[in-house]
Amino acid sequence: MAQSIQAAIADLYSIADIPQPTVKQSVILLSELIGGYNLTCTEIVGLTSEAASNFLLRRGAILEPITDADKEPLAGYIYVNKTSGHIFVERSDFLVRRRFSVAHELGHYVLHFLPLIASGVFVDEYELVEITEALAPSSPEEDADDLPLGQVRISQQTECLPPLPPYEQMEREANEFAAELLMPVKVIRKLVTHYAADCPGDDLIWRLSSEMLVSRAAMRWRLRELHALPTLAAH
Amino acid sequence: MGLEFLRNNGAHRMRDDAQRPLLLDNDNERDEEPEEQNNLAYEQPAEDWHPIDVDSVAVSDDWDFCPRRFIDGKDLGRTVAWLQTEDGYPIPVRLSEIGAVVMWNNTGCLRREWYTVERVVSMIVDPFPWDEVESFAAALQEKGFRLLQCQKPRRGLTYDFQEMRKATQNRSLDEMMRLEKQALVHASATPVLVDGRLESRAGGFDELNTPVVGMIKGHYRDYLHDQGWRTYYRLRVGQRTPAFFLKQKNIEVVSWYLRMGGTQSDLPNWGVVRLEIPATFFEQKLGKDWSYINRLSRVICEYRCKDTSYLRASVSLYPIQRGEECLGALFTGADTIVQRFYNLTHL
């Protein structure tokens, strides 16, 4: 189901018509990349799927409340139908966390939902198709060493469709997408080469997270994943 | 949005950046070390404390542990603008040039061995929409500035502008100290003196093998017992207090006070610095060799800045003063950079 993450991100840049990031321009313009699709992004204080549903109802984006919407606190949420998508993030989260949540939801949209919709399986123009993904809240500490986990739901009407990948796989892919999008391997490798010798201990993580406007936790995870974490920084 | 972020969020220029007292100064943010983990009787028991003369200590020119490299950092900046969150909290914007330098005393010839200089903009960003801040950070990056995200004050956002400004200033100072750590990495193979505490530079050097010494000019904490203070005030030029042990968050150090200068007409504590060396190095590498502390103190007195026109001469070392001058010369200059920032951001 999912296309390669690298290819999906290359498509994003192509569609949004913006240049790829470089070492000197390493803050990824996520909002511009989203702009390439029919996607909106909204920040809500006290985000729940019910709050997102109410927001969309008030805006007239949907006519009925989202199926299974509830009051469970969330860090991120995406609602997708055949023509558009809406990403929500918890406003009171750290800014860097909000960016990661948006990138995570965008990952689901690009890797899992868009291919499903584009496959042409929804032949009836008026058939109601709703796909949502609810991203659980993360630790309140910016430095918390965890990655978000979510839960994909597809409306009743689509259950006869070819199955999406297992939920765990989709979550892992969305996190990998977010990490690669916000911290591209090519840029990371060059920045590590540039700073690793000079930045002892956790300073490398501090430095790179500041250069790329991401959380230290996300950067630590990324460097570990790429085996680019110098020994001292692992402590 | 990009560089328009500040203007679009109603930012105002700030011209007067004089320090003002906190509106609500009821918060002690300093991290105090637990006193019971410090050991003032490290070199001498309290009742035996008395000034120790280091002026007559002989130190050969080729002493292995004589500091040859000197590290200084500089944060030259000010609050240039302020804006408000949706809830009306004031958010200061600080623009700084920060840098660090390694000065090398190569057989009497002092030269700049390594340096780094950066332009940074520090502010609390969490109250603002992520996409606007992202765009602002990217646009700043394109123009050679780095956005430093500041943590909120400990009690959260506050209407006390000075407290918010302190949080912003702390962030750029913290980044400057990280540059000093980079400098330490370049200098740590040889005996090195850092202008400031070792605590904030821990990780930048090998605690066991590096003969590193931190020199602290300001005295913000009360480490001493009564006899310690009596000894402190009896110090004459070229005398030190007995050494004591301090357990800090990131490092354990051996510390002592040294009077480098000062005359009868100055404040009684003027001319006294506090020195720190890693306890691991002192205990495991040197086996608590007290003569090391005496010799080091003597050498530091020798390095004292002799330029009487320099305001802080009696608590400064000549190589550090030179380092500061070198960095100053590498900086663009506050007025120029502030004007450039206003032009870029259309403030």
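A residue counts as buried when its relative accessible area is under 20%, as exposed when that value is over 50%, and as partly exposed in between. With that cut-off in hand, B:Gln227 counts as buried, because its relative accessibility is 18%. This residue belongs to helix α4 of chain B, which covers residues 226-234. Setting aside neighbours within four places in sequence, B:Gln227 touches B:Ala46, B:Trp49 and B:Arg234. Please keep in mind, as we walk on, that the model is predicted.

Let us stay in chain B and look at a second residue. B:Met14 sits in the loop that runs between β1 (12-13) and β2 (52-53) of chain B. Is B:Met14 buried or exposed? Its relative accessibility is 10%, so B:Met14 counts as buried. Apart from neighbours within four places in sequence, the contacts of B:Met14 include B:Arg78, B:Thr79, B:Val80, B:Ala81 and B:Trp82. B:Phe161, B:Arg165 and B:Tyr342 are in contact with B:Met14 as well. One of these partners deserves a second look: B:Val80 is 66 residues away from B:Met14 along the chain, yet their C-alpha atoms are separated by 4.9 Å.

Now for chain A. This chain has 235 residues, and 56% of them count as buried. Eight helices and five strands make up its list of elements, and from the N terminus on they follow the order α-α-β-α-β-β-α-β-β-α-α-α-α. If you take the contacts in chain A between residues at least 6 apart in sequence, 69% join residues at least 24 apart. The accessible surface of chain A amounts to about 10,300 Å², with 54% of it on carbon and sulfur atoms.

Next, bring the two chains together. How many residues does the contact take from each chain? There are 33 residues from chain B and 33 residues from chain A. Between them, the chains bury about 2,600 Å², and carbon and sulfur atoms hold 47% of that area. Three residues stand out on the chain B side: B:Trp130, B:Glu134 and B:Gln141 supply 29% of the area that chain B buries against chain A, more than any other three residues.

The polar side of this contact can be counted too. Between chain B and chain A there are 17 residue pairs in polar contact, with both residues at pLDDT 80 or more. The elements of chain B that each supply at least two residues to the side touching chain A are β5 (109-123), α2 (130-142), β6 (145-149) and α3 (161-187). By residue type, the side of chain B that touches chain A divides into 13 nonpolar, eight polar and twelve charged residues.

Side chains of opposite charge can pair when their charged atoms come close. Four salt bridges are found between chain B and chain A, while the count over all chains is 28. One that crosses between the chains joins B:Arg178 and A:Asp203, at 2.6 Å from N to O. Its ends lie in helix α3 of chain B, for B:Arg178, and in helix α7 (residues 203-212) of chain A, for A:Asp203. Are these two partners buried or exposed? B:Arg178 is buried, at a relative accessible area of 14%, and A:Asp203 is buried at 4%. B:Glu134, named above for the area it buries, also takes part in a salt bridge, with A:Arg99 at 3.0 Å from N to O.

Other salt bridges stay within chain B. B:Arg7 and B:Glu4 meet in one, at 3.1 Å from N to O, and B:Arg7 is partly exposed with a relative accessible area of 45%. A further pair is B:Arg69 with B:Glu113, whose closest N and O atoms are 2.6 Å apart. This pair links distant parts of the chain: B:Arg69 lies in strand β3 (residues 69-84) and B:Glu113 in strand β5, 44 residues apart. B:Arg69 is buried, at 11% relative accessible area, whereas B:Glu113 counts as partly exposed at 33%.

To finish, some salt bridges share partners and so form one network. From chain A, this network takes in A:Asp203, A:Arg207 and A:Glu211. From chain B, its members are B:Glu118, B:Arg146, B:Arg171, B:Asp174, B:Glu175, B:Arg178 and B:Lys181. The pair of B:Arg178 and A:Asp203 that we followed across the chains thus has both of its residues in this network.

Notes
Residues are numbered from 1 along each chain as its sequence is written. Chains are lettered from A and ligands numbered from 1 in the order in which they are written. This is a predicted model: local features need pLDDT of at least 70, side-chain atom pairs count only at pLDDT 80 or more; totals for chains, interfaces and linings use all residues. Side-chain values use heavy atoms; hydrogens and water are left out. Contact means heavy atoms within 4.5 Å. Buried area is the accessible area (1.4 Å probe) that two parts lose on being put together, summed over both. A salt bridge is a side-chain nitrogen of Lys or Arg within 4 Å of a carboxyl oxygen of Asp or Glu. A polar contact is a pair of N or O atoms within 3.5 Å; within protein, one must be able to donate a hydrogen and the other to accept it, and residues adjacent in sequence count only if both atoms are side-chain atoms. Helices (H or I, at least four residues) and strands (E, at least two) are DSSP runs, numbered from the N terminus. Ala, Val, Leu, Ile, Met, Phe, Trp, Tyr, Cys and Pro count as nonpolar, Asp, Glu, Lys and Arg as charged, and the others, Gly among them, as polar. Buried means under 20% relative accessible area, exposed over 50%, partly exposed in between (1.4 Å probe, protein chains only). Accessible areas come from the Shrake-Rupley method with a 1.4 Å probe; for residues, only the protein chains shown count as cover.
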